[in-house]
Amino acid sequence: IDFTFWENGPLRIFIDSPKSVNHNFTQKRICCVTIKFCLWNLQHKEQLSYQFETIKPNDVVGVTDQLSNSRQQYIWSSVTNSSGIIENESNIQLIAVACFCKPGSYDLN
């Protein structure tokens, strides 16, 4: 028995995004970056239902003022809410777009 599976649950989420993006904000005011979310159902025999939602960056609870200020400089575009079923031992991909208004380092978690 793989106990780490049960400790962490049957759902795994992987985020695929660029490590860095070069953008000239004087030429184009908004920088849009594609973010891929891959949801894996590790269960061998059962389907898994999911509810996926990106939250507004300024709605994050319990963050420092500095982190809160950096989160307010972007918005989510495209898919921001999705639900469905993931078949056993399968995955789905959801694509979202983060739009940045100012240069900086951002935490999308």
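This briefing walks through the fold, the sheet, the core and the cysteines of one protein chain. The model is a predicted one. The chain has 109 residues, and 26% of them count as buried. It contains 2 helices and 6 strands. One residue, Phe37, comes up under several headings, including the sheet and the core.

**Overall layout**

- Starting at the N terminus, the elements follow the order α-β-β-β-α-β-β-β.
- Many contacts span long stretches of sequence: among those between residues at least 6 apart, 70% join residues at least 24 apart.
- The chain exposes about 8000 Å².
- Carbon and sulfur atoms supply 49% of that exposed area.

**The sheet**

- An open sheet is built from 4 strands, in the order E1-E2-E6-E4.
- Pairing in this sheet is antiparallel.
- Strands E1 and E4 are the edges, and each pairs on one side only.
- From one strand to the next, the twist averages 30 degrees.
- Strand E1 covers residues 11-16 and pairs with E2 over 6 bridges, in the antiparallel sense.
- In that pairing, Ile15 stands opposite Phe37 of E2.
- E2 also pairs with E6, again antiparallel, over 11 bridges.
- Here Val33 stands opposite Ala98 of E6.

**The nonpolar core**

- In soluble globular proteins, nonpolar side chains tend to be buried together.
- In this chain, the largest nonpolar core holds 14 residues.
- Phe37 and Trp76 have the most contacts inside this core.
- Four strands each supply at least two core residues: E2 (31-41), E3 (48-53), E4 (74-78) and E6 (90-100).
- E2 gives the largest share, with 5 residues.

**Phe37 up close**

- Where does Phe37 lie? Phe37 is part of strand E2.
- Is Phe37 buried or exposed? Phe37 counts as buried because its relative accessibility is 7%, and the cut-off for buried is under 20%.
- Leaving aside residues up to four places away in sequence, Phe37 touches Phe14, Ile15, Phe52, Trp76, Ile92, Gln93, Leu94 and Ala96.
- Trp76 is one of these partners, and Trp76 is also named with Phe37 for the most contacts inside the core.
- Ile15 is another partner, and Ile15 is the residue that stands opposite Phe37 across the strand pairing.
- Leu94 shows how the chain brings distant positions together: Phe37 and Leu94 are 57 residues apart along the chain, yet their C-alpha atoms are separated by 5.1 Å.

**The cysteines**

- How many disulfides does the structure hold? The count is 0.
- Cys101 is in no disulfide. The nearest cysteine sulfur belongs to Cys99 and is 7.8 Å away, while a disulfide needs sulfur atoms within 2.5 Å.
- Cys101 has a relative accessible area of 42%, so it is partly exposed.
- Cys38 has a relative accessible area of 12%, so it is buried.

Technical notes
Residues numbered from 1 in each chain as written. Predicted model: local features only at pLDDT ≥ 70, side-chain atom pairs only at ≥ 80, totals over all residues. Heavy atoms only, no water. Core = buried A, V, L, I, M, F, W, Y, C linked by side-chain atoms within 4.5 Å. Buried < 20%, exposed > 50% of the residue type's maximum accessible area, 1.4 Å probe, protein only. Pairing = 2+ DSSP bridges. Contact = heavy atoms within 4.5 Å. Areas by Shrake-Rupley, 256 points an atom, 1.4 Å probe, with all protein chains shown as cover. Axes fitted to C-alpha atoms, helices over the stretch in contact; angles between N-to-C directions.
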